[in-house]
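Dear colleague,

Please find the structure below, with the sequence beside it. Could you keep it open while you read the notes that follow?

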Amino acid sequence: MKILVIGGAGYIGSHVCREFLDQGHQVTVLDNLSSGLEENLFPEETFIKGDIMDAPALERVMAQGFDALIHLAAFKAAGESMLKPEKYSVNNISGTINILNGACAAGIKYVVFSSSAATYGEPKYLPIDENHPTEPENYYGFTKLEIERFLKWYDKLKGIKFAALRYFNAAGYDVKGRITGLERNPANLLPVVMEAAAGMRSEVQVFGNDYDTIDGTGVRDYIHVNDLAVGHVAAMDYLVKHNQSLTVNLGSESGLSVLQIIDAARKITGRPIPAKIVGRRPGDPAKLTASAQLAKELLGWTARYSDVDTLVRTSWEVYRKKAGL
Ligand code: WQD
(Lines give C-alpha, C1' and ligand atoms only; values in the text may rest on other atoms or scores of the structure.)
Protein backbone atom coordinates (compact mmCIF):
# COMPACT_ATOMS: atom_id res chain seq x y z
CA MET A 1 0.00 0.00 0.00
CA LYS A 2 0.96 3.67 -0.45
CA ILE A 3 1.02 5.13 3.04
CA LEU A 4 1.39 8.72 4.20
CA VAL A 5 2.93 8.89 7.70
CA ILE A 6 2.30 12.30 9.23
CA GLY A 7 4.89 12.82 11.97
CA GLY A 8 7.02 10.01 10.55
CA ALA A 9 10.34 11.67 11.48
CA GLY A 10 9.52 11.48 15.20
CA TYR A 11 10.61 9.00 17.84
CA ILE A 12 7.56 6.72 17.47
CA GLY A 13 6.84 7.73 13.87
CA SER A 14 10.26 6.60 12.61
CA HIS A 15 9.81 3.16 14.21
CA VAL A 16 6.36 2.91 12.61
CA CYS A 17 7.77 3.85 9.18
CA ARG A 18 10.55 1.27 9.52
CA GLU A 19 8.02 -1.48 10.21
CA PHE A 20 5.80 -0.52 7.25
CA LEU A 21 8.85 -0.42 4.96
CA ASP A 22 9.94 -3.84 6.26
CA GLN A 23 6.45 -5.15 5.43
CA GLY A 24 6.84 -3.97 1.82
CA HIS A 25 4.71 -0.83 1.91
CA GLN A 26 5.56 2.42 0.12
CA VAL A 27 6.04 5.17 2.72
CA THR A 28 5.90 8.93 2.37
CA VAL A 29 6.68 11.02 5.46
CA LEU A 30 5.19 14.46 6.07
CA ASP A 31 6.83 16.17 9.03
CA ASN A 32 7.57 19.79 10.04
CA LEU A 33 10.66 18.66 11.99
CA SER A 34 9.50 20.65 15.04
CA SER A 35 10.43 17.60 17.10
CA GLY A 36 11.11 15.02 14.39
CA LEU A 37 14.66 14.60 13.07
CA GLU A 38 15.98 14.19 9.55
CA GLU A 39 18.40 11.55 10.88
CA ASN A 40 15.31 9.41 11.61
CA LEU A 41 14.36 9.28 7.91
CA PHE A 42 15.09 6.24 5.73
CA PRO A 43 16.44 6.30 2.15
CA GLU A 44 13.57 4.08 0.95
CA GLU A 45 10.95 6.65 1.93
CA THR A 46 9.88 9.94 0.38
CA PHE A 47 10.13 12.94 2.72
CA ILE A 48 8.01 16.08 2.46
CA LYS A 49 8.68 18.89 4.92
CA GLY A 50 5.28 20.30 5.78
CA ASP A 51 2.95 21.39 8.54
CA ILE A 52 -0.52 20.04 9.30
CA MET A 53 -1.60 23.64 9.95
CA ASP A 54 -1.08 24.44 6.23
CA ALA A 55 -4.37 22.95 4.98
CA PRO A 56 -3.90 23.79 1.27
CA ALA A 57 -0.40 22.30 1.21
CA LEU A 58 -1.65 19.24 3.09
CA GLU A 59 -4.41 18.71 0.52
CA ARG A 60 -1.89 19.01 -2.31
CA VAL A 61 0.27 16.31 -0.71
CA MET A 62 -2.69 14.00 -0.12
CA ALA A 63 -3.89 14.50 -3.70
CA GLN A 64 -0.76 12.61 -4.81
CA GLY A 65 -2.78 9.49 -4.00
CA PHE A 66 -2.41 7.35 -0.90
CA ASP A 67 -4.24 4.24 0.23
CA ALA A 68 -3.97 5.15 3.91
CA LEU A 69 -2.47 7.57 6.38
CA ILE A 70 -1.00 7.33 9.85
CA HIS A 71 -1.29 10.38 12.09
CA LEU A 72 1.37 10.73 14.76
CA ALA A 73 1.86 14.50 14.59
CA ALA A 74 0.85 15.95 17.95
CA PHE A 75 2.27 17.76 20.91
CA LYS A 76 2.41 15.25 23.76
CA ALA A 77 3.69 16.92 26.93
CA ALA A 78 0.87 16.51 29.45
CA GLY A 79 2.29 19.12 31.83
CA GLU A 80 2.79 21.72 29.10
CA SER A 81 -0.76 21.13 27.83
CA MET A 82 -2.09 22.45 31.16
CA LEU A 83 -0.08 25.67 30.79
CA LYS A 84 -0.58 26.25 27.05
CA PRO A 85 -3.91 24.64 26.06
CA GLU A 86 -4.26 26.96 23.07
CA LYS A 87 -1.11 25.50 21.51
CA TYR A 88 -2.58 22.00 21.89
CA SER A 89 -5.99 23.05 20.56
CA VAL A 90 -4.46 24.45 17.39
CA ASN A 91 -1.92 21.77 16.62
CA ASN A 92 -3.60 18.64 17.93
CA ILE A 93 -7.25 19.39 17.16
CA SER A 94 -7.28 21.90 14.29
CA GLY A 95 -4.32 20.13 12.72
CA THR A 96 -6.20 16.83 12.78
CA ILE A 97 -9.30 18.42 11.25
CA ASN A 98 -7.08 19.59 8.39
CA ILE A 99 -5.83 16.03 8.01
CA LEU A 100 -9.31 14.50 8.02
CA ASN A 101 -10.66 17.05 5.55
CA GLY A 102 -7.65 16.45 3.33
CA ALA A 103 -8.30 12.71 3.52
CA CYS A 104 -11.93 13.25 2.44
CA ALA A 105 -10.87 15.43 -0.51
CA ALA A 106 -8.24 12.89 -1.59
CA GLY A 107 -10.43 9.84 -1.03
CA ILE A 108 -8.11 8.29 1.57
CA LYS A 109 -10.17 5.62 3.32
CA TYR A 110 -8.01 4.34 6.19
CA VAL A 111 -6.58 6.33 9.10
CA VAL A 112 -4.44 4.95 11.92
CA PHE A 113 -4.37 7.48 14.76
CA SER A 114 -1.85 7.74 17.58
CA SER A 115 -4.10 8.07 20.61
CA SER A 116 -3.13 7.73 24.24
CA ALA A 117 -3.78 6.14 27.62
CA ALA A 118 -4.06 9.75 28.77
CA THR A 119 -7.66 9.59 27.46
CA TYR A 120 -8.59 7.47 30.50
CA GLY A 121 -7.46 9.83 33.29
CA GLU A 122 -7.36 8.60 36.88
CA PRO A 123 -7.77 4.80 36.82
CA LYS A 124 -11.04 3.54 38.32
CA TYR A 125 -9.76 -0.06 38.03
CA LEU A 126 -6.65 -1.85 36.76
CA PRO A 127 -5.66 -3.10 34.31
CA ILE A 128 -7.38 -0.49 32.18
CA ASP A 129 -9.43 -1.93 29.33
CA GLU A 130 -11.19 -0.06 26.52
CA ASN A 131 -14.46 0.04 28.50
CA HIS A 132 -12.81 2.11 31.22
CA PRO A 133 -14.33 5.61 31.61
CA THR A 134 -12.53 8.26 29.54
CA GLU A 135 -12.11 11.29 31.82
CA PRO A 136 -8.74 12.82 30.88
CA GLU A 137 -6.91 14.65 33.68
CA ASN A 138 -4.88 16.83 31.34
CA TYR A 139 -5.55 18.85 28.24
CA TYR A 140 -3.27 16.67 26.15
CA GLY A 141 -5.46 13.64 26.94
CA PHE A 142 -8.56 15.75 26.23
CA THR A 143 -7.29 16.59 22.73
CA LYS A 144 -6.67 12.92 22.00
CA LEU A 145 -10.16 11.97 23.16
CA GLU A 146 -11.74 14.79 21.13
CA ILE A 147 -9.93 13.57 18.01
CA GLU A 148 -11.29 10.07 18.62
CA ARG A 149 -14.79 11.65 18.64
CA PHE A 150 -14.12 13.43 15.34
CA LEU A 151 -12.93 10.13 13.85
CA LYS A 152 -16.24 8.44 14.78
CA TRP A 153 -18.18 11.17 12.93
CA TYR A 154 -15.92 11.00 9.89
CA ASP A 155 -16.49 7.24 9.85
CA LYS A 156 -20.26 7.69 10.08
CA LEU A 157 -20.54 10.54 7.56
CA LYS A 158 -17.60 10.03 5.21
CA GLY A 159 -16.84 6.32 5.49
CA ILE A 160 -13.29 6.83 6.78
CA LYS A 161 -12.30 3.72 8.73
CA PHE A 162 -9.95 4.41 11.64
CA ALA A 163 -7.87 2.62 14.22
CA ALA A 164 -7.37 4.72 17.36
CA LEU A 165 -4.38 3.18 19.15
CA ARG A 166 -4.21 4.15 22.82
CA TYR A 167 -0.52 3.94 23.61
CA PHE A 168 0.62 3.50 27.15
CA ASN A 169 4.20 4.58 27.88
CA ALA A 170 6.28 4.31 24.72
CA ALA A 171 9.96 3.53 25.43
CA GLY A 172 13.07 1.81 24.09
CA TYR A 173 14.75 1.98 20.67
CA ASP A 174 14.81 -0.22 17.56
CA VAL A 175 16.15 -3.66 18.54
CA LYS A 176 18.12 -3.70 15.26
CA GLY A 177 19.71 -0.33 16.04
CA ARG A 178 18.46 1.37 12.85
CA ILE A 179 17.05 4.47 14.63
CA THR A 180 19.33 6.76 16.58
CA GLY A 181 17.71 10.18 16.88
CA LEU A 182 17.58 11.46 20.47
CA GLU A 183 14.49 13.31 21.65
CA ARG A 184 15.27 16.96 22.35
CA ASN A 185 14.49 18.07 25.95
CA PRO A 186 12.67 14.85 26.92
CA ALA A 187 10.26 14.84 29.87
CA ASN A 188 9.50 11.10 29.82
CA LEU A 189 11.22 8.87 32.35
CA LEU A 190 13.32 6.58 30.19
CA PRO A 191 15.09 9.26 28.12
CA VAL A 192 15.63 11.27 31.32
CA VAL A 193 17.27 8.26 32.98
CA MET A 194 19.39 7.66 29.86
CA GLU A 195 20.53 11.29 29.83
CA ALA A 196 21.60 10.95 33.47
CA ALA A 197 23.43 7.70 32.63
CA ALA A 198 25.22 9.38 29.72
CA GLY A 199 26.17 12.43 31.79
CA MET A 200 23.86 14.67 29.75
CA ARG A 201 22.07 15.70 32.97
CA SER A 202 23.21 15.62 36.57
CA GLU A 203 20.45 13.54 38.14
CA VAL A 204 17.00 12.02 37.79
CA GLN A 205 14.33 13.70 39.87
CA VAL A 206 11.93 11.05 41.17
CA PHE A 207 8.49 12.64 41.35
CA GLY A 208 7.33 11.28 44.71
CA ASN A 209 7.91 8.04 46.59
CA ASP A 210 4.79 8.08 48.74
CA TYR A 211 2.38 6.44 46.30
CA ASP A 212 0.56 3.24 47.17
CA THR A 213 2.82 1.12 44.94
CA ILE A 214 5.47 -1.58 45.33
CA ASP A 215 8.16 0.94 46.35
CA GLY A 216 6.20 4.18 46.63
CA THR A 217 7.16 5.47 43.16
CA GLY A 218 4.92 5.74 40.10
CA VAL A 219 4.15 2.54 38.18
CA ARG A 220 3.55 2.65 34.42
CA ASP A 221 2.99 0.23 31.55
CA TYR A 222 6.05 0.71 29.30
CA ILE A 223 5.60 -0.47 25.70
CA HIS A 224 8.57 -0.88 23.39
CA VAL A 225 8.39 1.23 20.23
CA ASN A 226 8.99 -1.85 18.06
CA ASP A 227 5.90 -3.42 19.66
CA LEU A 228 3.99 -0.21 19.00
CA ALA A 229 5.12 -0.22 15.36
CA VAL A 230 4.03 -3.83 14.84
CA GLY A 231 0.67 -2.87 16.36
CA HIS A 232 0.24 -0.14 13.72
CA VAL A 233 0.80 -2.60 10.86
CA ALA A 234 -1.62 -5.07 12.44
CA ALA A 235 -4.21 -2.30 12.86
CA MET A 236 -3.86 -1.20 9.23
CA ASP A 237 -4.22 -4.81 8.06
CA TYR A 238 -7.38 -5.07 10.19
CA LEU A 239 -8.91 -1.93 8.66
CA VAL A 240 -8.29 -3.16 5.11
CA LYS A 241 -9.53 -6.67 5.81
CA HIS A 242 -12.64 -5.83 7.87
CA ASN A 243 -13.42 -2.26 6.75
CA GLN A 244 -14.38 -1.67 10.38
CA SER A 245 -13.05 1.02 12.76
CA LEU A 246 -11.59 0.11 16.14
CA THR A 247 -10.11 1.61 19.30
CA VAL A 248 -7.56 -0.51 21.18
CA ASN A 249 -4.94 -0.20 23.90
CA LEU A 250 -1.33 -0.93 23.05
CA GLY A 251 0.40 -1.81 26.30
CA SER A 252 2.66 -4.49 27.77
CA GLU A 253 0.19 -5.41 30.54
CA SER A 254 3.02 -5.20 33.05
CA GLY A 255 3.91 -2.34 35.38
CA LEU A 256 7.33 -0.98 36.28
CA SER A 257 8.05 1.61 38.98
CA VAL A 258 10.39 4.56 38.61
CA LEU A 259 12.92 2.98 40.97
CA GLN A 260 12.73 -0.37 39.15
CA ILE A 261 13.58 1.44 35.89
CA ILE A 262 16.46 3.32 37.55
CA ASP A 263 17.82 0.13 39.20
CA ALA A 264 17.71 -1.75 35.89
CA ALA A 265 19.44 1.16 34.15
CA ARG A 266 22.24 1.23 36.75
CA LYS A 267 22.83 -2.52 36.26
CA ILE A 268 22.74 -2.43 32.45
CA THR A 269 24.70 0.79 31.92
CA GLY A 270 27.11 0.32 34.82
CA ARG A 271 26.66 4.05 35.46
CA PRO A 272 25.76 5.59 38.88
CA ILE A 273 22.66 7.52 37.65
CA PRO A 274 22.16 9.88 40.61
CA ALA A 275 18.50 10.11 41.66
CA LYS A 276 16.80 12.50 44.03
CA ILE A 277 13.33 12.07 45.51
CA VAL A 278 11.32 15.27 45.06
CA GLY A 279 7.62 16.13 45.38
CA ARG A 280 4.87 14.53 43.35
CA ARG A 281 4.16 15.90 39.85
CA PRO A 282 0.57 17.24 39.75
CA GLY A 283 -1.79 15.01 37.80
CA ASP A 284 0.33 11.86 38.10
CA PRO A 285 -1.71 8.79 39.02
CA ALA A 286 0.06 6.21 41.22
CA LYS A 287 -0.29 3.31 38.79
CA LEU A 288 -1.36 2.81 35.18
CA THR A 289 -1.33 -0.61 33.51
CA ALA A 290 -3.11 -1.70 30.34
CA SER A 291 -5.25 -4.61 29.36
CA ALA A 292 -4.20 -5.47 25.80
CA GLN A 293 -6.66 -8.34 25.46
CA LEU A 294 -8.71 -6.57 22.78
CA ALA A 295 -5.63 -5.98 20.59
CA LYS A 296 -4.71 -9.63 21.08
CA GLU A 297 -8.22 -10.75 20.11
CA LEU A 298 -8.78 -8.42 17.14
CA LEU A 299 -5.23 -7.93 15.87
CA GLY A 300 -3.45 -11.02 17.11
CA TRP A 301 -1.00 -8.58 18.69
CA THR A 302 0.97 -8.96 21.91
CA ALA A 303 4.06 -7.11 23.15
CA ARG A 304 7.32 -9.00 22.52
CA TYR A 305 10.08 -6.50 23.29
CA SER A 306 8.64 -4.66 26.31
CA ASP A 307 10.63 -6.35 29.11
CA VAL A 308 12.66 -3.92 31.23
CA ASP A 309 16.03 -5.25 29.99
CA THR A 310 15.17 -4.73 26.31
CA LEU A 311 13.65 -1.30 27.01
CA VAL A 312 16.76 -0.13 28.86
CA ARG A 313 19.40 -1.95 26.77
CA THR A 314 18.09 -0.71 23.41
CA SER A 315 17.85 2.83 24.77
CA TRP A 316 21.35 2.71 26.25
CA GLU A 317 22.84 1.52 22.93
CA VAL A 318 21.68 4.80 21.37
CA TYR A 319 22.56 7.15 24.26
CA ARG A 320 25.91 5.45 24.91
CA LYS A 321 27.04 5.92 21.30
CA LYS A 322 25.83 9.53 21.15
CA ALA A 323 27.81 10.27 24.33
CA GLY A 324 30.89 8.54 22.93
CA LEU A 325 30.91 6.00 25.79
C1 WQD B 1 6.42 8.08 33.95
C2 WQD B 1 6.65 7.94 35.44
C3 WQD B 1 6.45 10.03 36.60
C4 WQD B 1 9.98 11.81 34.65
C5 WQD B 1 3.39 10.08 29.46
C6 WQD B 1 3.11 11.45 28.90
C7 WQD B 1 2.82 11.42 27.49
C8 WQD B 1 1.84 10.36 27.12
C9 WQD B 1 1.61 9.30 28.20
C10 WQD B 1 1.60 9.21 25.05
C11 WQD B 1 5.67 8.76 36.27
C12 WQD B 1 7.89 9.49 36.67
C13 WQD B 1 8.97 10.94 35.02
C14 WQD B 1 10.94 12.22 35.61
C15 WQD B 1 9.85 10.85 37.25
N16 WQD B 1 2.38 9.69 26.02
N17 WQD B 1 8.92 10.46 36.29
N18 WQD B 1 10.84 11.71 36.87
O19 WQD B 1 3.50 10.78 32.87
O20 WQD B 1 3.12 8.31 32.54
O21 WQD B 1 2.77 9.93 30.70
O22 WQD B 1 2.92 9.04 28.67
O23 WQD B 1 0.45 9.38 24.89
O24 WQD B 1 4.09 11.18 26.90
O25 WQD B 1 1.98 11.98 29.52
O26 WQD B 1 5.08 9.39 31.48
O27 WQD B 1 7.51 9.26 31.42
O28 WQD B 1 6.44 11.45 32.14
O29 WQD B 1 6.35 9.47 33.65
O30 WQD B 1 9.77 10.40 38.41
O31 WQD B 1 11.89 13.02 35.33
O32 WQD B 1 7.95 8.43 35.75
O33 WQD B 1 6.05 10.59 37.84
O34 WQD B 1 5.40 8.05 37.45
P35 WQD B 1 3.59 9.60 32.00
P36 WQD B 1 6.42 9.96 32.12
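Glu135 is partly exposed in this predicted model, with a relative accessible area of 41%. Its side chain forms a salt bridge with Lys124, and the closest N and O atoms of the two are 2.9 Å apart. Both Glu135 and Lys124 lie in the loop between strand 5 and helix 5, so the pair ties together parts that are eleven residues apart in sequence. Lys124 also counts as partly exposed, at 49% relative accessibility. As general background, side chains of opposite charge can pair when their charged atoms come close.

The loop that holds this pair has another feature to look for, which concerns its backbone. Pro127 lies in the loop between strand 5 (110-116) and helix 5 (139-158), and the peptide bond that joins Leu126 to Pro127 is cis, with an omega of about -10°. Most peptide bonds are trans, and most residues other than glycine have a negative phi.

Two asparagines can be read with that background in mind. Asn185, in the loop between strand 7 (169-171) and helix 6 (189-197), has a positive phi near 45°, and Asn185 is exposed, with a relative accessible area of 74%. Asn243, in the loop between helix 7 (225-242) and strand 11 (246-250), has a positive phi near 50°, while its relative accessibility of 32% makes it partly exposed.

Returning to the charged pairs, the search of the whole structure finds 18 salt bridges. One of them joins Asp210 and Arg280, with the closest N and O atoms 2.9 Å apart. This pair links distant parts of the chain, since Asp210 is in the loop between strand 8 (204-207) and strand 9 (219-220) and Arg280 is in the loop between strand 13 (275-278) and helix 9 (293-299), 70 residues apart. Asp210 counts as exposed at 51% relative accessibility, the cut-off for exposed being over 50%, whereas Arg280, at 47%, counts as partly exposed.

Another salt bridge is formed by the side chains of Arg18 and Asp22, at 2.8 Å from N to O. How many residues apart are Arg18 and Asp22 in helix 1? They are four residues apart in helix 1 (residues 11-22), which means that about one helical turn separates them. Arg18 is buried, with a relative accessible area of 9%, while Asp22 is partly exposed, at 35%. These two residues also belong to a network of salt bridges, in which Arg18, Asp22, Glu44, Asp174 and Arg178 are linked.

Asp174 appears again in the lining of the second largest pocket, where the residues are Tyr173, Asp174, Val175, Gly177, Thr180, Arg313, Thr314, Glu317, Val318 and Lys321. The volume of this pocket is about 150 Å³, and its lining divides into three nonpolar, three polar and four charged residues.

Thr314 and Val318, which are among the residues of that lining, are also among the buried residues of helix 10. The others in that buried set are Thr310, Leu311, Val312, Ser315, Trp316 and Tyr319. What do the buried residues of helix 10 pack against? They pack against strand 7, helix 6, strand 10 (222-224), strand 12 (256-257) and helix 8 (258-269).

You can also check the length of helix 10 for yourself. The helix has 15 residues (308-322), and at 1.5 Å a residue these should span 21 Å, which agrees with the 21 Å between its end C-alpha atoms; the expected span is 1.5 Å times one less than the number of residues. After helix 10 comes Gly324, whose phi is positive, near 70°.

Finally, please look at Ala235, which lies in helix 7. Is Ala235 buried or exposed? Ala235 is buried, because its relative accessible area is 0% and buried means under 20%. Leaving aside its neighbours within four places in sequence, Ala235 is in contact with Ala163, Leu165 and Leu299. The C-alpha atoms of Ala235 and Phe113 are separated by 10.0 Å, although these residues are 122 residues apart along the chain.

With best wishes

Terms used:
Residues numbered from 1 in each chain as written. Predicted model: local features only at pLDDT ≥ 70, side-chain atom pairs only at ≥ 80, totals over all residues. Heavy atoms only, no water. Helix = DSSP H or I, 4+ residues; strand = E, 2+ residues; numbered from the N terminus. Buried < 20%, exposed > 50% of the residue type's maximum accessible area, 1.4 Å probe, protein only. 1 Å grid on protein atoms, 1.4 Å probe; cavity = no way out; pocket = protein on both sides within 12 Å on 5 of 7 lines; lining within 4 Å. Points joined across faces, edges and corners; volume = space filled by probe spheres on them. Nonpolar A, V, L, I, M, F, W, Y, C, P; charged D, E, K, R; others polar. Contact = heavy atoms within 4.5 Å. Salt bridge = Lys/Arg side-chain N within 4 Å of Asp/Glu carboxyl O.
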